[in-house]
Amino acid sequence: MGRIMDNSGQGSAELILIIGGLLIIILLIGNYIATIQETVQESLKKVLTKERDFIINKI
């Protein structure tokens, strides 16, 4: 009976470690995507500002 408890406890601990690792990976990927999104947004803002100024100067 004690052996069954040990095995299930070890299984739970392994499951907790796996879930924790997956959460960390998901957070890192989310951070990476947010950084890319921010960079794209800044680039788009620069392009739009440049085009707006170009059109205003043309008028």
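**View 1. Burial and exposed surface across the chain.** In this predicted model, buried residues account for 0% of the 59 residues in the chain. The exposed surface of the chain comes to about 5,800 Å², and carbon and sulfur atoms supply 69% of that area. The secondary structure consists of 1 helix and 0 strands.

**View 2. The nonpolar surface patch around Tyr-32.** Ile-18, Leu-22, Ile-25, Ile-26, Ile-29, Tyr-32, Ile-33, Ile-36 and Val-40 together make a nonpolar surface patch of about 900 Å². One of these residues, Tyr-32, lies in helix α1, which comprises residues 2–58. Tyr-32 has a relative accessible area of 57%; this residue is therefore classed as exposed, the cut-off being over 50%.

**View 3. The salt bridge between Asp-53 and Arg-52.** The count for the model comes to 1 salt bridge. Asp-53 pairs with Arg-52 in a salt bridge whose closest N and O atoms are 3.3 Å apart. This contact qualifies because a side-chain nitrogen of Arg must lie within 4 Å of a carboxyl oxygen of Asp.

**View 4. Accessibility of the salt-bridge partners.** Asp-53 has a relative accessible area of 33% and is thus partly exposed. Arg-52, at 49% relative accessibility, also counts as partly exposed, since that class lies between under 20% for buried and over 50% for exposed.

Terms used
Residues are numbered from 1 along each chain as its sequence is written. This is a predicted model: local features need pLDDT of at least 70, side-chain atom pairs count only at pLDDT 80 or more; totals for chains, interfaces and linings use all residues. Side-chain values use heavy atoms; hydrogens and water are left out. Patches are made of residues with over 30% relative accessible area and no salt bridge: like charges are joined within 9 Å, nonpolar side chains (Val, Leu, Ile, Met, Phe, Trp, Tyr) within 5 Å. Accessible areas come from the Shrake-Rupley method with a 1.4 Å probe; for residues, only the protein chains shown count as cover. Helices (H or I, at least four residues) and strands (E, at least two) are DSSP runs, numbered from the N terminus. Buried means under 20% relative accessible area, exposed over 50%, partly exposed in between (1.4 Å probe, protein chains only).
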